[in-house]
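Grab a viewer and work through these exercises at your own pace. Try each task before you peek at the solution below it.

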Amino acid sequence: MSYLRNLILRGATITDRWIEDNISAFCLLERLRLECCKVLQKIKFHNELLTCFQLHDCNVEEAEIDAPNLNSFEYTGQIMAPPVIISSHWDAMIKLKETDLPPYLWFKKLREFLLGFDTCKVLTLICNNDKVTILYNFFILIFTSFFSLFCFCFPILFLFPLIH
């Protein structure tokens, strides 16, 4: 397994501890996809060569990824705590799932969540949610330090670069 370059775990009953102990041990791992791993809650790992990390439909509440060569992060799910991603040149694609939270609480949680993306170069945010109708001004206020921001929100499409 030390020669493993791509790993996809779909519906696996792996634990947070398994991720922390094993992902770092896959020293040649370049691509990691975790999908529908419902046992995961707080993931934390370090991997020098990882370039792509995808986290889809897991129950993760917190994520800390130390991957200096990471250039792509994808997330699909509910709003979680702001992820800690240590990399200098990464892009993110976030797909937020529909939620029953009241709008004021959803925006508060979204704002906190997006703080974890202050070092990414390009952020693509996909929200299939009625709450996105006033996101344009919200993003202008939050992302003034971003290199650029591409925000695709359905039913509204926003595509704009931000000024430093």
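What follows is a set of tasks on strands, a core and a few single residues.

The model is predicted, so local features need pLDDT of at least 70 and side-chain atom pairs count only at pLDDT 80 or more, while totals for chains, interfaces and linings use all residues. Residues are numbered from 1 along each chain as its sequence is written, and side-chain values use heavy atoms, leaving out hydrogens and water.

**Exercise 1.** Find out which side chains of strand β1 are buried and which are not.

*Solution.* Start with the vocabulary: strands (E, at least two residues) and helices (H or I, at least four) are DSSP runs, numbered from the N terminus. Buried is under 20% relative accessible area, exposed is over 50%, and partly exposed is in between (1.4 Å probe, protein chains only). Now walk along β1, residues 6-10: L7 and L9 point to one face and are buried, whereas N6, I8 and R10 point to the other and are not. Next, look sideways: β1 and β2 run parallel, joined by five bridges. Strands count as paired if DSSP finds at least two bridges between them. One of these links matches R10 with E35 in β2. Between the two strands the chain passes through helix α1 (residues 16-22), giving a right-handed β-α-β crossover; that is, with the strands pointing away from you, the path from the first strand over the helix to the second runs clockwise.

**Exercise 2.** Work out the surroundings of E35 in strand β2.

*Solution.* First, accessibility: E35 comes out at 15%, so this residue counts as buried. Second, contacts, meaning heavy atoms within 4.5 Å: skipping neighbours within four places in sequence, E35 meets L9, R10, G11, H56 and C58. Third, polar partners: the side chains of E35 and R33 form a polar contact of 2.8 Å. Such a contact is a pair of N or O atoms within 3.5 Å; within protein, one must be able to donate a hydrogen and the other to accept it, and residues adjacent in sequence count only if both atoms are side-chain atoms.

**Exercise 3.** Lay out the open sheet of three strands and say which strands sit at the edges.

*Solution.* The order is β3-β5-β7, with parallel pairing. β3 (42-46) and β7 (84-86) are the edge strands, each with a single partner, so one side of each has no neighbour in the sheet. From one strand to the next, the twist averages 5°, using lines fitted to C-alpha atoms as axes and angles from 0 to 180 degrees between N-to-C directions. Zoom in on β5 (residues 62-66): three bridges join this strand to β7, and I65 stands opposite I85 in β7.

**Exercise 4.** Which residues touch the most other members of the largest nonpolar core?

*Solution.* A nonpolar core is a set of buried Ala, Val, Leu, Ile, Met, Phe, Trp, Tyr and Cys residues joined through side-chain atoms within 4.5 Å. This one has 42 residues, and L34, F53, F73, I94, L96, F113 and F117 touch the most other members. Helix α2 (residues 103-114) is the top contributor, with five residues. Now pick F53: beyond four places in sequence, its contacts include L32, L34, I43, F45, I65 and L70.

**Exercise 5.** Is N59 buried, partly exposed or exposed, and what does its side chain reach?

*Solution.* N59 lies in the loop between β4 (52-56) and β5. At 40% relative accessibility, N59 counts as partly exposed. The side chain of N59 reaches the backbone oxygen of K38 at 3.1 Å.
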